[in-house]
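Hi everyone, thanks for having me. Let me put the model up on the screen, and then we can walk through it together.

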Amino acid sequence: MSTTPPPPTDVTAEEPWAAQRDASWYACPNVTSDKVIHVAGQECREGFLSRCGRSVLNDDMTWTLDEVSDGLRCRSNGCRQAWPMDGAR
Ligand SMILES: [Zn+2]
């Protein structure tokens with residue numbers, strides 16, 4: 001019973017990133033209506049979980065947090081707190 005450490009990834013931990021959920025993970029992908037972008041959180045078996053814990057993210061296509069426009073940001077608890085604060089607004 002030994003725990004194997006996860007393989008190293010090329011994602012830098014200090015730099016948070018954001019992505020859409022991985023639609024292919026679902027039985028019925030609905031990619032037209034769900035364009036919400038989540039902040040990446042912890043790694044899981046399927047990939048990376050969003051910080052709100054609802055979705056597995058598609059890390060083939062990622063953004064920096066600053067690149068994601070306000071209307072696309074996930075508002076769920078967890079992701080919401082991770083978005084950079086824009087003091088001007
Ligand atoms: Zn989210």
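Let's start in the middle of the fold: S2 and S3 run antiparallel to each other and pair over three bridges. Please keep in mind that this is a predicted model. What joins S2 to S3? A hairpin does, and it takes two residues to make the link. If you'd like one bridge to look for, find Ala-40, whose partner in S3 is Ser-50.

Now to the other pairing of S2. S1 and S2 are also antiparallel, again over three bridges. Here Gln-20 has Ile-37 in S2 as its bridge partner.

Let's step back for the overall picture. The protein has four strands and zero helices, so to speak a β-β-β-β order from the N terminus on.

Next, the inside. The largest nonpolar core holds twelve residues, among them Ala-18, Ile-37, Ala-40, Phe-48 and Val-68. Which elements give two or more residues to this core? They are S1, S2, S3 and S4, where S4 covers 56-64. The largest share, three residues, comes from S2.

Ala-18 is a nice residue to zoom in on. Leaving aside residues up to four places away in sequence, Ala-18 touches Ile-37, His-38, Val-39 and Ala-40, and also Thr-62, Trp-63, Leu-65 and Val-68.

Two numbers to finish. Of the 89 residues in the protein, 20% are buried. And among contacts between residues at least 6 apart in sequence, 53% join residues at least 24 apart. Thanks for listening!

Notes:
Residues are numbered from 1 along each chain as its sequence is written. This is a predicted model: local features need pLDDT of at least 70, side-chain atom pairs count only at pLDDT 80 or more; totals for chains, interfaces and linings use all residues. A nonpolar core is a set of buried Ala, Val, Leu, Ile, Met, Phe, Trp, Tyr and Cys residues joined through C-beta atoms within 7 Å. A residue is buried if 20 or more other C-beta atoms lie within 10 Å of its own, exposed if 12 or fewer, and partly exposed in between; C-beta atoms are placed from the backbone. Two residues are in contact if their C-beta atoms, placed from the backbone, lie within 7 Å. Two strands pair if DSSP finds at least two bridges between them.
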